Amino acid sequence: VLRVVDSRCWMMDFRKYVIAQGKLFPVPFPDLYHSLLTEFLQWAITGDQSTKRYLWMRDGVIKASFMSFSIDVSKYASVEDSLRHMSYWTDYLASWNAGAHVTAVGAWHTAALWVQAQAQAELISSTIATLIIVLVLAFLGMLVFTGDIVLSSLVVACTILTISGLIFFIVVMMGWAIGPIEVIALIVFIGYAVTYSLHIAHRYGSHEADQAPEAGMPDWLSPGLSEKAKSRQRRVAFALRSMGGSVV
């Protein structure tokens with residue numbers, strides 16, 4: 001499950017050294033342990049580096065150490081795969097710590113892949129939260145300025161459709177993974193998507209729109225329009241005339 005393909009563990013090297021000296025491992029006596037360890041560290045190599053690199057020592061006493069493992073997981077793995085493998089290591093170390101000696105409890109793991117996956121997961125969740133907040137504020141803002149729940153709902157619907165189209169383009173058409181750059185682009189795009197719909201809808205629902213002159217549509221394009229339909233046509237023409245240029 002852990003998919004380890006290579007390891008650089010100084011303790012395994014030290015174990016081989018102690019056994020080669022004809023001693024017991026684990027070393028039963030502290031003085032003998034420190035003596036053997038001091039000799040071992042004079043020349044020992046773990047992987048392709050000095051074993052001392054893997055130890056944190058103060059006054060000749062080991063305070064902490066680390067081991068390095070290479071696993072068969074691509075550094076370009078998806079967020080879901082990366083977090084799943086991280087959970088495997090978390091569960092393994094939780095089990096190991098539960099059965100470890102009191103002096104060895106507290107082992108933990110980290111990897112650049114875990115950090116990257118967690119950052120991307122947080123970015124995605126924050127993007128969703130940002131989208132919800134923007135949509136709610138846009139709805140409330142339109143409702144306050146126009147008093148029209150239909151216009152407010154239409155602004156929210158237009159924003160959702162625009163963002164959905166962008167996500168479809170990124171994920172389906174381009175096949176890009178959702179990463180930091182894509183998330184930042186979505187957050188920026190949310191603001192633009194709301195702004196344009198908000199301005200057009202606000203002008204459409206304004207008092208000036210109802211007092212605007214007729215749109216001037218030829219009769220053959222709008223035969224038998226009711227008064228409500230003419231009012232909508234007039235409002236659309238006013239909104240496009242007053243805000244259309246700046247929006248485009």
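## Arg3 and the N-terminal segment

Arg3 counts as partly exposed because its relative accessibility is 40%, a value that falls between the 20% limit for buried residues and the 50% limit for exposed ones. The model described here is predicted. Arg3 lies in the segment before β1, the strand that spans residues 4-8. Although Arg3 is not a glycine, its phi is positive, at about 60°.

## Nonpolar cores

The largest nonpolar core is made up of 12 residues. Its aromatic members include Trp10, Phe14, Tyr17, Phe40 and Tyr54, and among its aliphatic members are Val18, Val27, Leu36, Leu37, Leu41, Ala44 and Leu55. Two elements, α1 (10-20) and α2 (30-41), each give two or more residues to this core. A second, separate core has 7 residues, among them Leu2, Val73, Leu113 and Trp114. In soluble globular proteins, nonpolar side chains tend to be buried together.

Tyr17 belongs to the largest core. When neighbours within four places in sequence are left aside, Tyr17 is in contact with Leu36, Glu39, Phe40 and Trp43. Of these partners, Leu36 and Phe40 are also members of the largest core.

## The loop between α1 and α2

Pro26 is found in the loop that lies between α1 and α2. The peptide bond joining Phe25 and Pro26 is cis, with omega at about 0°.

## The β4–β5 hairpin

Strands β4 (residues 55-58) and β5 (residues 61-65) run antiparallel and are joined by 4 bridges. Met57 has Ile62 in β5 as its bridge partner. The hairpin of β4 and β5 has 2 residues between the strands. In this hairpin, Asp59 takes a positive phi near 55°.

## His109 and its surroundings

His109 is found in the loop between α3 (79-99) and α4 (112-146). His109 and Thr90 are 19 residues apart in sequence, and their C-alpha atoms are 7.4 Å apart in space. The side chains of these two residues, His109 and Thr90, make a polar contact at 2.9 Å.

The side chain of His109 also makes a polar contact with the side chain of Trp114, at 3.0 Å. Trp114 is one of the residues of the second nonpolar core. Leaving aside neighbours within four places in sequence, the contacts of His109 are with Met86, Trp89, Thr90, Leu93 and Trp114.

Conventions:
Residues are numbered from 1 along each chain as its sequence is written. This is a predicted model: local features need pLDDT of at least 70, side-chain atom pairs count only at pLDDT 80 or more; totals for chains, interfaces and linings use all residues. Side-chain values use heavy atoms; hydrogens and water are left out. A nonpolar core is a set of buried Ala, Val, Leu, Ile, Met, Phe, Trp, Tyr and Cys residues joined through side-chain atoms within 4.5 Å. Buried means under 20% relative accessible area, exposed over 50%, partly exposed in between (1.4 Å probe, protein chains only). Contact means heavy atoms within 4.5 Å. Two strands pair if DSSP finds at least two bridges between them. A polar contact is a pair of N or O atoms within 3.5 Å; within protein, one must be able to donate a hydrogen and the other to accept it, and residues adjacent in sequence count only if both atoms are side-chain atoms.
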